[in-house]
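Work through the following exercises with the sequence and the structure before you. Each task is followed by a solution in steps.

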Amino acid sequence: MRTDSVMGDAAQLVSSIQLQDMELQEKPAHKRQGKGNNNNNNNDETFTVEDAVEFIGFGRFHILLFLIMGSTNIIEAMEIMLLAVVSPEIRCEWRLQDWQVALVSTMVFLGFMVCGILSGYLADRYGRWKVVFGGFVWSAYFSLLTSFAPSYGWFIFLRSMVGCGVAGVSQGFVLKTEFIPAKYRAILLPLATVFWMIGSMLIIVLGMLVVPSFGWRWMIRLSVTPSIILLFLFKFIPESARYNVSAGNVQAALETLQKIAKMNRSSLPPGRLVEPSVKERGSWRILLSPAFRRTTLLLWYSWFVASFAYYGSVLSSSELLEKNLLCVTDPDPEHLVKHKHPDGLCFCIPFKNNDYQTLLISCLGEVALVPVNICLLNIFGRKLSMTMLQLVAAMLFMLLNICSSMFGFTVLLFLLRALVSMNFSVVYIYTAEVYPTVARSLGMGFCTSFSRIGGMIAPFIAQVLMSQSVVLALSPFAVTCVICALGNFLLPIETRGRALLQNS
């Protein structure tokens, strides 16, 4: 009995020890399980690219982005303004008629129009960075070849190839927009016109310094230099994170956002980056879907008029100065030399220093009212800003018909260039904001292509019809601006302060 009692106590003690061991093992396991549940809760937190861009905020990366991508406008402006500077020179060298000079600008815009849609499609399908970089290389190569053109035919062909490359470069605006936080877009994007002004002034200064001594061919060769420099700087700009997530490459987008956050001395939102990939990227059906159909159609006309009015103002000023068609109350002896004589055309009337100076002053108009543009965008929004700018531009086009002093004409031209440039800037901003990521580049590509139709027509109005009648040449620009103002007022979507859409 005693033995049985001892054995029973021993068995009870062993059971108690085993039970305690089991409790000790289960307690840490329970704690670890609870900790794991907390991790799962953290992993359930997600954020989008839009959340990350807004959370990181503005910083050093955006300054670098603004400087490098803004400099793409220098290239585009130089290639476009080159036409105004070189027109008197090629007219003299190849004895060109008015329509042949106008055809040069038209062929450049034809190349831009054809490649505008293609570059937009490729940017939505294969990435913004590749298209912009390829556009740089393409435009620089064919621009350099232009300086060796042996004839007029080769010249217009090579310039059309340059226009094709510039269409790819213009996609840089989309790449830049997709990285900028919403509240900074209305400030930084209009400021990019500073770079356009620098490009315009640079080609005019080159014309003033190089053309009289070395000719227009060396001017074009030197104008390629900024493109070559930017090719090396472009490696500091990443591919769009919005594009990467739309293409399903979430890891690449996350790495890009982490680098931006580190450069800005910020951090990403808590959680993990989650956005669904979209198979239908770069589809024209999105642009004409019920949600965007009216916006798309009105934007196509707005872009047509923006380009028609802008290049109309640029080429008109060049033509009025070159052919001395202004109604000036205080003309100098140079102004009395006319393009047309009873015995035929005078082909060789090169720009004088005061002509270059007038063009330079008019270029300053493109940035002089940028603070006004920023205030308009933030106070009245995109739609009303475009409406007001188009109406005032129409009025200024008609005021150019009034006889005034050379100083008065310079002031009018200064204000006109400021307004049409401001309008072009707002149209760019609105287009990049209104379309979703999956069709943003294609939407921009279609719009820029329609704008080049305006650019193709503008030379024949500003450079051919101008010789017949200044009033008849300036009236189409004023009328189209008034009609466009009404269309802008009817746009159904206001994008001020709105997040960029990822899909339709």
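The exercises treat confidence, overall make-up, salt bridges, the nonpolar core and some single residues.

This is a predicted model, in which local features need pLDDT of at least 70 and side-chain atom pairs count only at pLDDT 80 or more, while totals for chains, interfaces and linings use all residues. Residues are numbered from 1 along each chain as its sequence is written, and side-chain values use heavy atoms, with hydrogens and water left out.

**Exercise 1. Confidence**

State the mean pLDDT of the chain, and identify the elements with the lowest and the highest mean pLDDT.

Solution.
1. The term pLDDT denotes the predictor's confidence in each residue, from 0 to 100.
2. For the chain, the mean pLDDT is 81, and 83% of the residues reach 70 or more.
3. Among the elements, helix H1 (residues 2-43) has the lowest mean, 43, and helix H14 (residues 250-263) has the highest, 93. Helices (H or I, at least four residues) and strands (E, at least two) are DSSP runs, numbered from the N terminus.
4. The pLDDT is below 50 over residues 1-7, a stretch with zero contacts in the model beyond near neighbours in sequence. A contact means heavy atoms within 4.5 Å.
5. Residues 10-42 also stay under 50 in pLDDT, and the model has one contact for them beyond four places in sequence.

**Exercise 2. Overall make-up**

Determine how many helices and strands the chain has, and what share of its residues is buried.

Solution.
1. The chain contains 21 helices and four strands.
2. Of its 504 residues, 56% are buried. Buried means under 20% relative accessible area, exposed over 50%, and partly exposed in between (1.4 Å probe, protein chains only).
3. Among contacts with a separation of 6 or more, 85% join residues 24 or more positions apart.

**Exercise 3. Salt bridges**

Describe the salt bridges of Glu93, Arg440 and Arg382, giving for each the partner and the accessibility of both residues.

Solution.
1. Side chains of opposite charge can pair when their charged atoms come close. A salt bridge is a side-chain nitrogen of Lys or Arg within 4 Å of a carboxyl oxygen of Asp or Glu.
2. The structure has nine salt bridges.
3. Glu93 pairs with Arg217, their closest N and O atoms being 3.1 Å apart. Glu93 belongs to helix H4 (residues 72-94) and Arg217 to helix H11 (residues 216-223), so that the pair links parts of the chain 124 residues apart. Glu93 counts as partly exposed because its relative accessibility is 39%; Arg217, at 21%, is likewise partly exposed.
4. Arg440 meets Glu178 at 2.6 Å, N to O. Arg440 lies in helix H20 (residues 437-464), whereas Glu178 lies in the loop between helix H8 (172-177) and helix H9 (182-191), 262 residues apart. Arg440 is buried because its relative accessibility is 0%, and Glu178 is buried at 1%.
5. Arg382 meets Glu433 at 2.8 Å, N to O. This pair joins helix H18 (residues 370-399) to helix H19 (residues 406-434), 51 residues apart. Arg382 is buried at 2%, and Glu433 is buried at 1%.
6. Arg440 and Glu178 also take part in a network of salt bridges with Asp124 and Arg128.

**Exercise 4. The nonpolar core**

Which residues have the most contacts inside the largest nonpolar core, and which helix gives the most to this core?

Solution.
1. A nonpolar core is a set of buried Ala, Val, Leu, Ile, Met, Phe, Trp, Tyr and Cys residues joined through side-chain atoms within 4.5 Å.
2. The largest such core has 142 residues, and Phe155, Ile203, Ile204, Met219 and Phe397 have the most contacts inside it. H19 gives the most to this core, with 15 residues.
3. Leaving aside residues up to four places away in sequence, Phe155 touches several residues, including Val86, Ile90, Trp94 and Trp216.

**Exercise 5. Single residues**

Are Pro212 and Arg265 buried or exposed, and where is each found?

Solution.
1. Pro212 is found in helix H10 (residues 193-214). Pro212 is exposed because its relative accessible area is 62%.
2. Arg265 is found in the loop between H14 and strand E2 (272-273). Arg265 is exposed, with a relative accessible area of 70%.
3. The phi of Arg265 is near 55°, a positive value in a residue other than glycine.
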